[in-house]
Amino acid sequence: MEREQDNIICNREDFQGSRTAGPTIGGNVSITPEVSEDDNVDATITCNWPTSQIPSDDDEKAKRSSDWSTLTQWIQFMCVVTFDLNLGQALEFIYPKAEIPTEQELTNICYMAFPDSNSGCMGDTKFHMRLRMSPDTSRIIKAQQFRCYNSDCPPALKADQSHYWGFVYFRQRRDANLPRGYFQKSFIIVTRLPYFNLFYEMLTHLAQKYFDEGEDVLIRACHQINNEWPKLQVGGSFNLPLFEQCYQILVPRASSRKCAQQNDGSENKTLGKEVRPVSVKVIASVNEVELFHSLSFIVDHMYTLWELVLTAEPLVVVGTSPADCSHMVQTLVQLIAPLAYCAEARPYFTIHDSEFKEFTRECGKIPPPLILGVTNPFFIKLLKDWPHMLRLVDNQLNMQRQQHLSIKNIRNASSVTSLNSSNVLKSNNGNTSLNGNNSEGSAPGLYTKYKPFLKKDKSLIKKVLLGLKTKRPEHVQTALLRRHLLELTQSFMIPLERYMASLMPLQKDISPFKSAPNANAFKLDDFLATLELSGPHLTSPLKGDWKGLYRRFYNSPNFRGWYESRHRELQLTLQDLQLQALSEANLEQWAQDKQEVEIIDMILKLKQKLNLYNDKLTNEPSSWSGNNGNTAIATRDQIRAQINCMKDLLPNDLKNVVNI
């Protein structure tokens, strides 16, 4: 077979030939690969960006002002990466100019924009990636705009403060007019929001218009988003117009200590300008992917995968298409919802990623807690020491066949390989090697020596497999799996939540005249002792070694992330209770036997707490609406009254000295 994709193949064999210049970006980026005897890959990258490929300041000013505050809440920028015969993978266009990332980030984007395998992804392919942001003080400050949003939204919808999400639409077609006979180009939307379903819809819409009409589509889209989309917030539905399309989404509010009692009707408000588009697309969930699409061939080992993800075990997902890999990685992360996956996850990863050494070599014999989606066969040998490998069904032939049938109508959405592809992976449990020791096998399945702590629910598996035979719709199968996995995760977490609540100090220990007490420490043995009477066996039908699973979970990043979040909430609750007690205390009686310096010290403490409370009310207004808001405002007014009461006890000269 002729090497149709020699420009994007990155197999080990490519590094053993002559040392020619590797792929280039933006015209002046060169990479010289080196191969050592131990098969490790090094690459030296140099970048010189040509300004001719970036829209000029005058062009931007002619369009609008430089304020992109609304746009950057939803997306950071849009860009186009092409393959040039002389330059390699090159940045062709990026907009808006004000949000251009660093050279290292652009290097990663350009290399990740094309499939990293010889699978021959002909036609249109959609996938997504996750890129680490370079440390930059100015962008750290910009990331603060998500602080209020992140404090109110569910963990799965939080804006990423340290990574970008990139949604890629890659097109490869035969073109006899080009020197190599092929057209290859990727359109990319870069954002901080994990709104997979929304951005895949936008990606399809914008990419097809871009390939028909050119770069002006991106410019007009950015300005429309910046001018017509509402500010990002939680607790409401949004109308998001984009050319002749309008997307309707709902961003739910998290159930937290501050908003559990809210009932002010804010969940029913619709944000955004009233528009009359040609077409309205209602997106039921902005982030939940079709689980069954990826799990259908491995459903028999779903519980093992759930445990591996729950305990943040290192897992490499090997596929032939970045679309399949990115979907599977996202499916794995969502297996433990609503618990947040706090380890690293890369839906699509290549050997040219700047974290390649960190993830594959610098960690020695112990792989990091990481889910890695790859398509390059080189990783199979490189990561042979990883304890868990999931090999996907080679769905590429089916996708090519489907695209071939629709070649007469290239706009047909069914010809696009994506998260929402209607191709259901066939069950192939007979070839699945569970607990095997040959991770280099070519059969799809899970290769691991891991012994699950829990026994699988055979009745559910039979129900799902029966659905395969009866051709039950994929979304129904997904709903069945999602509900079961949600109940399983909740059964696992309820004992932890109950024990965490018991670490709260008693109300009598909260004194208005002392600092707020700290929550008691989490002790694993004490927690395990509570499982006898209030363990997960009360709500889950699964049997097995629950204590062993909790011990393994206790040492994982997922436990640390959950515990730090809950501990922080407990501390904030204690501070609020202490401040409320202080606002209700009889300070006039307390001050009767106190010296003036002690009274001044109390005034300064009250003023400091009042400033902190005002900042909290200002920065998180949506969290303090309804009953919580009334209580917060009442507490603030009482603190002000306490300050005035203390001031009246001081002589006039001291009032002037302390400037109160």
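The questions below concern helix packing and nonpolar cores in a predicted model.

Local features need pLDDT of at least 70 and side-chain atom pairs count only at pLDDT 80 or more, while totals for chains, interfaces and linings use all residues. Residues are numbered from 1 along each chain as its sequence is written, and side-chain values use heavy atoms, with hydrogens and water left out.

Q: How is H9 oriented relative to H15: roughly parallel, roughly antiparallel, roughly perpendicular or oblique?
A: The axes (lines fitted to C-alpha atoms over the stretch in contact, with angles from 0 to 180 degrees between N-to-C directions) of helix H9 (residues 302–310) and helix H15 (residues 474–502) come within 12 Å and cross at roughly 45 degrees. Angles under 35 degrees count as roughly parallel, over 145 as roughly antiparallel and 65 to 115 as roughly perpendicular, with the rest oblique. Therefore H9 is, relative to H15, oblique.

Q: How many residues of the contact of H9 with H15 are charged?
A: On H9 the contact (heavy atoms within 4.5 Å) is made by Met302, Tyr303, Trp306 and Leu310. H15 contributes Leu481, His484, Leu485, Leu488, Thr489 and Phe492. Eight of these residues are nonpolar and two are polar, and the number charged (Asp, Glu, Lys or Arg) is no residues.

Q: Which helix gives the largest share of the largest nonpolar core?
A: This core, a set of buried (under 20% relative accessible area, 1.4 Å probe, protein chains only) Ala, Val, Leu, Ile, Met, Phe, Trp, Tyr and Cys residues joined through side-chain atoms within 4.5 Å, has 70 residues. Trp74 and Tyr195 touch the most other members. The largest share, 10 residues, comes from helix H6.

Notes:
Helices (H or I, at least four residues) and strands (E, at least two) are DSSP runs, numbered from the N terminus. Buried means under 20% relative accessible area, exposed over 50%, partly exposed in between (1.4 Å probe, protein chains only).
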